[in-house]
Amino acid sequence: MSIDTAAATDISEPSSATVAAVHSLLFREARLLDTHSYVEWLSLWTPGELLYWVPGAGDPSLDGVPSIVLDDRSDLEDRTERLAEGWAMAHYSSISLCRSITNIEVETVDADQLIVHSVLDLTEIRDERRYHWTGRVRHELRVTADGLAIAVKRVDLVDRHLATPVLAFLL
Amino acid sequence: MNIATEVEVRTGPRASSDSEIDVSSLIEIDRVHASLFLDEEIFQLEMEKIFKRGWVYVGHESEVPLPGSFQRKRLGLVEVLLTRDQDGDVHVIQNACPHRGAVVCKPRSGEARALKCSYHGWTFRNDGSNIGIPLPDAYTDQPRCGSSMPRLPRVESYRGLVFASFEETGISLEAHLGDAAPFIDRYIDRSPSGSIAVTGEQRSQVHCNWKFATDNTTDGYHARFVHRGVFWNHYPTVGQTSAESANDFDGGSKIINLGNGHQVVDWGPARATSGAGKIDLPAELATSYEQALHDGLGPERAASVLNEPVPHLFIFPNLFLIQNDLRVFTPLSPSEMSYDTYFWAMEGVDPEINRLRHKQHQRFYSPSSGFVLSDDLAQYEQLQIGLTGGATSWLDQSRGMHREKLNPKTGNIEGVTTDEVGTRGMWQHYKEVMT
């Protein structure tokens with residue numbers, strides 16, 4: 001018990017202001033993605049390298065194992081442009097989205113970094129068909145002078161071991 | 001639309017004497033009937049005549065690398081296991097207990113010395129043979145339905161690609177592959193060791209009939225429209241190559257009807273890609289790759305691999321070899337399929353080459369989200385919606401019939417990459433098998 005207590009004191013609890021800022025960021029992100037506002041959504045990220053990752057069925061730590069999405073900045077900029085410009089065959093105008101973000105937990109790594117765990121619950125309507133997407137989300141956030149910025153976002157879908165429908169939007 | 005027409009669109013014309021569908025009346029050389037994509041009875045007939053009696057692709061030997069390795073697969077609607085036994089031999093067995101039919105192996109893949117049914121503890125080697133029945137004195141002889149997991153009677157492989165059939169007798173795999181075999185060689189010889197290793201799968205759920213995927217494998221007509229974002233937005237030179245090749249029959253790309261339902265896009269010299277498959281290798285890596293090919297395959301074969309474009313090759317009924325992944329079409333119902341992709345690594349090359357190949361695969365050919373393939377799958381769903389709504393009774397496949405040519409050397413029909421030579425070939429074979 002004494003060891004656990006000692007370890008716990010090393011992790012500084014995030015302040016209520018930090019938690020509120022995280023909630024605000026995640027909810028704004030959800031709204032921007034639901035409304036296909038990709039340019040504004042990209043502005044929530046750090047300006048440098050980033051990772052947007054939706055692992056697939058296999059062990060994602062192994063080489064050559066495909067993910068559902070595995071985007072660096074260049075890939076993600078192309079993907080958002082493709083979606084915003086309507087290049088994707090499943091066109092954004094035919095996709096309606098509504099998502100809720102719940103079970104938010106904030107961990108402080110250090111003064112500049114936060115890790116946020118949450119649960120995504122999303123309904124997509126496309127071609128008069130209903131798709132349900134549920135997964136656990138992990139955000140790595142940077143604390144900057146301008147506020148919080150997303151550096152890494154990983155979404156582990158609960159059904160990632162099954163065949164996945166076409167994903168012509170962003171989780 | 002009146003009711004009579006609607007019924008015909010959905011079910012197709014039937015022979016008057018009985019209720020069995022006359023498939024041959026639904027397939028003409030230049031058009032096929034919409035019911036082939038909609039009808040449940042036709043679908044069940046396909047599962048029997050194509051996916052049980054014929055050769056069907058199961059998986060790659062590298063997916064079961066060790067003694068005891070297994071992978072769950074589907075052949076048509078039937079759950080099977082691809083396994084490697086303790087002697088190193090590869091088997092395909094039905095993943096069902098002979099006693100009461102329960103699924104025996106539940107994980108999708110792994111290694112196991114033996115397989116055990118969770119219901120009454122019957123135990124099997126991974127070639128399907130029984131090694132134990134608890135309380136066996138209840139049987140005076142063998143159980144009425146046998147004691148072993150049913151093993152598929154015919155399993156053969158070519159270049160590591162494993163095919164199987166539920167039928168005891170039939171043509172050899174070599175005869176089935178026929179003129180497609182040299183294109184398989186060309187596809188796999190890009191790996192300097194002469195063999196490839198599947199490293200991961202990704203499956204996509206598509207609300208369409210599986211034959212929309214087969215029809216699209218050599219359709220060069222759709223690319224500049226469905227993939228307009230990739231061609232014109234990011235990669236204008238790729239779009240130009242496609243447009244030029246459309247009318248470049250003698251000197252460049254062509255579609256070949258290889259027979260037995262197989263078809264290939266044999267790209268012209270403009271698409272030669274130095275073997276690695278549509279990726280530009282940095283000079284140092286390109287040199288090391290050329291050396292590896294030279295060492296592995298000999299100078300003559302290495303030179304031809306480096307100068308030949310990578311074919312887009314469809315092996316009837318369910319395997320598509322393209323770029324850097326094997327694709328498998330798994331029918332689930334008349335209006336649903338799983339589109340499964342298997343990325344593979346080359347053996348005997350700098351790991352950075354496989355990393356770059358994988359990066360390109362992930363970006364463009366991930367089935368659910370890749371900038372190329374996800375658009376194909378979304379388009380197939382639009383086809384299914386159109387036909388379900390009675391958009392048309394017949395699907396046209398007459399493009400370029402007047403300009404296709406018989407190659408006197410091979411006896412195969414060849415045509416322009418934006419014509420429907422391959423589609424017509426697939427359907428003529430389908431008609432033979434189904435009637």
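How many residues does the contact take from chain B, and how many from chain A? Colour by chain and have a look: chain B puts in 34 residues and chain A 31. Keep in mind that this is a predicted model.

**Stop 1: where chain B meets chain A**

Stay on that interface for a moment. The area buried between chain B and chain A comes to about 2,900 Å², with 47% of it from carbon and sulfur atoms. Switch on polar contacts next: between chain B and chain A there are 24 residue pairs in polar contact, counting pairs with both residues at pLDDT 80 or more. To see which parts of chain B are involved, select β13 (196-206), α6 (223-226), α7 (228-234), β19 (336-346), α11 (351-365) and α12 (373-388) of chain B, the elements that each give two or more residues to the side touching chain A. If you want to pick one of them, go for α12(B), which has the largest share of that side with 8 residues. Now colour that side of chain B by residue class, and you get 7 nonpolar, 20 polar and 7 charged residues.

**Stop 2: salt bridges between the chains**

The interface of chain B and chain A has 6 salt bridges. For one of them, show B:Asp375 and A:Arg82 as sticks: their closest N and O atoms are 2.9 Å apart. Then hop over to A:Asp75 and B:Arg363, another salt bridge, where the closest N and O atoms sit 2.4 Å apart. Why does this pair join two chains? A:Asp75 is in helix α4 (residues 73-84) of chain A while B:Arg363 is in helix α11 of chain B, so the bridge runs from one chain to the other. For the overall tally, the structure holds 32 salt bridges over all chains.

**Stop 3: the two domains of chain B**

Hide chain A and give residues 56-169 of chain B one colour and 179-434 another; these are domain 1 and domain 2. Their C-alpha centres lie 32 Å apart. Where they meet, 14 residues of domain 1 of chain B are in contact with 22 residues of domain 2 of chain B. Together the two domains of chain B bury about 1,500 Å² between them, and carbon and sulfur atoms account for 59% of it. On the domain 1 side, select B:Tyr57, B:Arg108 and B:Arg159: they lose the most area to domain 2 of chain B, together 37% of what that side buries.

Leave B:Arg159 on screen and add B:Asp189. These two form a salt bridge, with the closest N and O atoms 2.7 Å apart. The interface of domain 1 and domain 2 of chain B has 3 salt bridges, and 8 residue pairs are in polar contact across it, with both residues at pLDDT 80 or more. Next, highlight β3 (56-60), β4 (69-75) and β12 (161-165) of chain B, each of which supplies at least two residues of the domain 1 side. The largest share there, 3 residues, belongs to β3(B). By class, that side of domain 1 splits into 6 nonpolar, 3 polar and 5 charged residues.

**Stop 4: an aromatic pair**

Over all chains, the structure has 15 aromatic pairs. Zoom in on B:Phe51 and B:Trp210, an edge-to-face pair at 5.1 Å centre to centre, with 80° between the planes. Trace the chain from one ring to the other: B:Phe51 is in the loop between α2 (40-49) and β3 of chain B, and B:Trp210 is in helix α5 (residues 210-216) of chain B, 159 residues apart.

Technical notes: Residues are numbered from 1 along each chain as its sequence is written. Chains are lettered from A and ligands numbered from 1 in the order in which they are written. This is a predicted model: local features need pLDDT of at least 70, side-chain atom pairs count only at pLDDT 80 or more; totals for chains, interfaces and linings use all residues. Side-chain values use heavy atoms; hydrogens and water are left out. Contact means heavy atoms within 4.5 Å. Buried area is the accessible area (1.4 Å probe) that two parts lose on being put together, summed over both. A salt bridge is a side-chain nitrogen of Lys or Arg within 4 Å of a carboxyl oxygen of Asp or Glu. A polar contact is a pair of N or O atoms within 3.5 Å; within protein, one must be able to donate a hydrogen and the other to accept it, and residues adjacent in sequence count only if both atoms are side-chain atoms. Helices (H or I, at least four residues) and strands (E, at least two) are DSSP runs, numbered from the N terminus. Ala, Val, Leu, Ile, Met, Phe, Trp, Tyr, Cys and Pro count as nonpolar, Asp, Glu, Lys and Arg as charged, and the others, Gly among them, as polar. Domain bounds come from an automatic or database domain assignment. Rings of Phe, Tyr and Trp (its six-membered ring) pair if their centres lie within 6.5 Å; planes under 30 degrees apart count as stacked, over 60 as edge-to-face and the rest as tilted.
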